[in-house]
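Student: Could you take me through the salt bridges in this model, one pair at a time? I'd like a close look at who pairs with whom.

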Amino acid sequence: MKEQVWLQELIDHLHSKHASNFEGEIATYIPELSKADPAHFGAAFVTSNGSIVEAGTADVCFTIQSISKPLTYGMALEAFGEDEVAKYVGVEPSGDAFNSIELEKLSNRPFNPMVNAGAITVTAMLYQKYGDNTFHEIMSRFSAAAGRQLEFDEDVYRSESRTGHRNRAIAYLLLNFGMVPDQVEAALDIYFKQCSILVNCRDLATIAATLSNLGKNPVTQTEVFDIDRVKDMLSIMFTCGMYDYSGQWAYRVGVPAKSGVSGGVMSVVNRQLGIATYSPLLDSKGNSCRGIRLCTDLAQELGLHVFDCMNAGSSYLNAMLENN
Ligand code: GLN
C-alpha cells in the first residue's frame, strides 16, 4: 500500500533524526522507573484505517503512567455522565505541575482529570461504581483499545505504592474536602496499578487511533469508547494533557496528546492518525524530550495542527488516506 510505504519512510526519517539526542533525565521519584534505558526510543503510527508503521524500540514495554488518565476519565463519564463527574473534577488547566497539591478555590475540586488529584478522584469514582472489579474493568477497557490483552508491572506498582507519599497526601486532602469516599486507600491502590499497566508503542498508537477513530479500534473494529465521550477526552487532552507545557504544545503541535512520566507520549489526530512515542528522557515538566521533538516535526511536516491551513480535512495525510 502506497500510504504504508510513505508513512514508514517518514517515521524512519523522524526517528533517526532524534535518536542521537540524549537531552533530559529519567524520572527517579518512583524508584523502579530509574532502571529505564536512556537509549530506548520507539515510535509507532496507526492510521484510522488500521495501517501500522513502527521505528526504533517500538516493541519495548513501559508503564502507561499518566496516559491512563484520559482513558479512565472517559470511563467515568460513561458511568456517571458529565454533570455528576463535573461535581468532583473541573476542566481548567492548572498551570502547575502534575503532582501539585492544590484544588480549585470554593469548589475544592481538582483542576482537571489530567493532574494527579483529578485522576485519583476519577479512579475513586470508578471504585464507587465497580468496587473490587475496578482494576479488571480498567484493564479490559485499555486492552480493548490496544487490541490485545495487556498486563501490569508488579515491580513498578509496588515501587510507587511504597513511595507514593505525595499522591497519598493528595488523596487525603481530597477526602478532607469530601471529594472522594472513605475508601481512599483502595482507590489509591487502583490508581497505582492503572499507572503500572504495560504498553509498547504499537499498543499506545492503537489506543490513540481508537480515539482518532471516534472510539472504535481501527485494527480490531471493536467499539471501545462511547463516541460522545471521545470528544470530552480529546478536549481535556488538548488543554491539559502535557501538563504545564500544554499551551506550548497546542501552539506548536496542535493536536490532543497525553504524556506519562515513564516516557510515553500519545497524540491523536482527529479521524486520521494515532501517534505514540517512547523515550524515558524527560524535560523539567515531565514530558519526553524526544517525544516532543518528533511530534513537533511530524505536525509541521504533515500540517496536522488543528488550525493549520493545510489541515481543514485536507492535510497530506488525509488526502493519502482517502486515496487508499
Ligand atoms: N504514577 C505517576 C504519579 O502518580 C503518574 C504521573 C505521570 O505520569 N506524570 O506520580
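Tutor: Let's start with Asp-244 and Lys-285, whose side chains meet in a salt bridge at 4.0 Å, N to O. Keep in mind that we're looking at a predicted model. This pair ties together distant parts of the chain, 41 residues apart. Asp-244 sits in the loop between α10 (227-240) and α11 (246-252), while Lys-285 sits in the loop between β8 (273-278) and α12 (289-302). Are these two buried or exposed? Asp-244 has a relative accessible area of 30%, so it counts as partly exposed. Lys-285 comes out at 29%, so it is partly exposed too.

There's also a little cluster to find: Glu-82, Arg-229, Lys-231 and Asp-232 are joined into one network by salt bridges that share partners.

Now hop over to Glu-54 and Arg-202. Their salt bridge has its closest N and O atoms 2.6 Å apart. Here, too, distant parts of the chain are linked, with the two positions 148 residues apart. Glu-54 belongs to strand β2 (residues 52-56), and Arg-202 belongs to helix α9 (residues 201-212). Glu-54 is partly exposed, because its relative accessible area is 27%. Arg-202, at 38%, is partly exposed as well.

For a pair within one helix, look at Asp-189 and Lys-193. The closest N and O atoms of this salt bridge are 3.7 Å apart. Both residues lie in helix α8 (residues 184-195), 4 residues apart, which is about one turn of the helix. Why does that spacing suit a pair? An α-helix has 3.6 residues a turn, so residues three or four places apart point the same way. As for Asp-189, its relative accessibility is 24%, so it counts as partly exposed. Altogether, the count for the model comes to 15 salt bridges.

Since we've been visiting α8 and α9, here's a helix that they help to cover: α5. The buried residues of α5 include Phe-135, Ile-138, Met-139 and Phe-142, along with Arg-141. What covers them? The cover includes α2 (68-80), α4 (116-130), β4 (151-152), α8, β5 (197-199) and α9. You can check the length of α5 (residues 134-146) yourself: at 1.5 Å a residue, its 13 residues should span 18 Å, and the end C-alpha atoms are 18 Å apart, so the two agree. Just after α5, look for Gly-147, which takes a positive phi of about 85°.

Key. Residues are numbered from 1 along each chain as its sequence is written. This is a predicted model: local features need pLDDT of at least 70, side-chain atom pairs count only at pLDDT 80 or more; totals for chains, interfaces and linings use all residues. Side-chain values use heavy atoms; hydrogens and water are left out. Buried means under 20% relative accessible area, exposed over 50%, partly exposed in between (1.4 Å probe, protein chains only). The expected span of a helix is 1.5 Å times one less than its number of residues. Contact means heavy atoms within 4.5 Å.
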